[in-house]
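Trainee: Could you take me through one part of this model slowly? I'd like to see how the aromatic rings are arranged, and what surrounds them.

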Amino acid sequence: MKKSTIIIICIVAIFAILGIAIGSSYNGIVTEQEKVKGALSNLDVMLQRRADLIPNLVSTVKGYASHETEAIEKVTSARERMTQANTVSEKVNANNELASSLRSLMVVVENYPDLKASANFIQVSDELAGTENRIAVARKDYNDAVQKFNTSIKKFPKSIIAGMFGFKEEQYFEANPANLEVPNVNFE
């Protein structure tokens, strides 16, 4: 074989290896990004489930404590912001506000023994407690996916590929430190 043919074959082989490496890295990043999107979607489902339970809780509380309008309005407006949140940052802020307003509403409920004994309230509060647990699991799954994705796009050589194709770090879904405790909705 001629020397020029060998050089061309070597150059083609190098470009083929680089192409395979770039394609493999790119596909790995895309896969991890899709896991983040899937985990966020699952978290959104749980947040929506909680938002769907709020009107039942509010109407039950209104039936017993209609004059407690401030706490009820806080929960209602926080729920509205939660349902309208689009970005992760907006969802984090809305989630923290909703958790805080629910905590305030539960404090109000303590003053109404008949309400705490109501079958409707017990059912809704049990569903809400279960949903809070599902949210915690979904938040953990989302944050795990974000951690894996963010680590991946920072490691060499994927960091080069991530930069070339515009992949950016994803935001964690972090709870407000003041709201780390799950609202106690067990009134037995």
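Mentor: Let's go through the aromatic rings, then a bend in the backbone, then a pair of helices. Keep in mind that this is a predicted model, so treat the numbers as values computed from a prediction.

Start with the group itself: Tyr26, Phe149, Phe165 and Phe167 make up one aromatic cluster. The count of aromatic pairs comes to 3. Let's look at two of those, beginning with Tyr26 and Phe167. Their ring centres are 5.7 Å apart and the planes sit at 55°. Edge-to-face needs planes over 60 degrees apart and stacked needs under 30, so this pair lands in the tilted class. Now check where the partners come from: Tyr26 belongs to helix α1, while Phe167 is in the segment after α6. That's 141 residues apart in sequence, so the pair ties together two parts that lie well separated along the chain.

How accessible are they? Tyr26 has 30% relative accessibility, so Tyr26 counts as partly exposed. Phe167, at 12%, is buried, because the cut-off for buried is under 20%.

Phe167 has another partner, too. The centres of Phe149 and Phe167 are 6.5 Å apart, and with the planes at 70° the pair is edge-to-face. Here the link runs from helix α5, which holds Phe149, to the segment after α6, which holds Phe167, with their positions 18 residues apart in sequence. Phe149 is buried as well, with a relative accessible area of 0%.

Next, the backbone between α5 and α6. The loop joining α5 (119–154) and α6 (158–165) contains Pro157. The peptide bond leading from Phe156 into Pro157 is cis, with omega near 5°.

Finally, go back to α1, the helix that carries Tyr26. Helix α1 spans residues 3–64, and it packs against helix α3 (residues 88–109) at an angle of about 30°, with the axes 12 Å apart. Angles under 35 degrees count as roughly parallel, and α1 and α3 therefore fit that description. Their crossing is left-handed. On the α1 side, the contact is made by Leu40, Asp44, Leu47, Arg50, Ile54, Leu57 and Val61. On the α3 side, the residues include Val88, Lys91, Asn95, Leu98 and Met106. Sort the residues of this contact by type and you get 11 nonpolar, 1 polar and 3 charged.

Definitions and conventions. Residues numbered from 1 in each chain as written. Predicted model: local features only at pLDDT ≥ 70, side-chain atom pairs only at ≥ 80, totals over all residues. Heavy atoms only, no water. Axes fitted to C-alpha atoms, helices over the stretch in contact; angles between N-to-C directions. Helix = DSSP H or I, 4+ residues; strand = E, 2+ residues; numbered from the N terminus. Parallel < 35°, antiparallel > 145°, perpendicular 65-115°, else oblique. Left-handed = near helix turned anticlockwise from the far one by under 90°. Contact = heavy atoms within 4.5 Å. Nonpolar A, V, L, I, M, F, W, Y, C, P; charged D, E, K, R; others polar. Phe/Tyr/Trp six-rings, centres within 6.5 Å; stacked < 30°, edge-to-face > 60°. Buried < 20%, exposed > 50% of the residue type's maximum accessible area, 1.4 Å probe, protein only.
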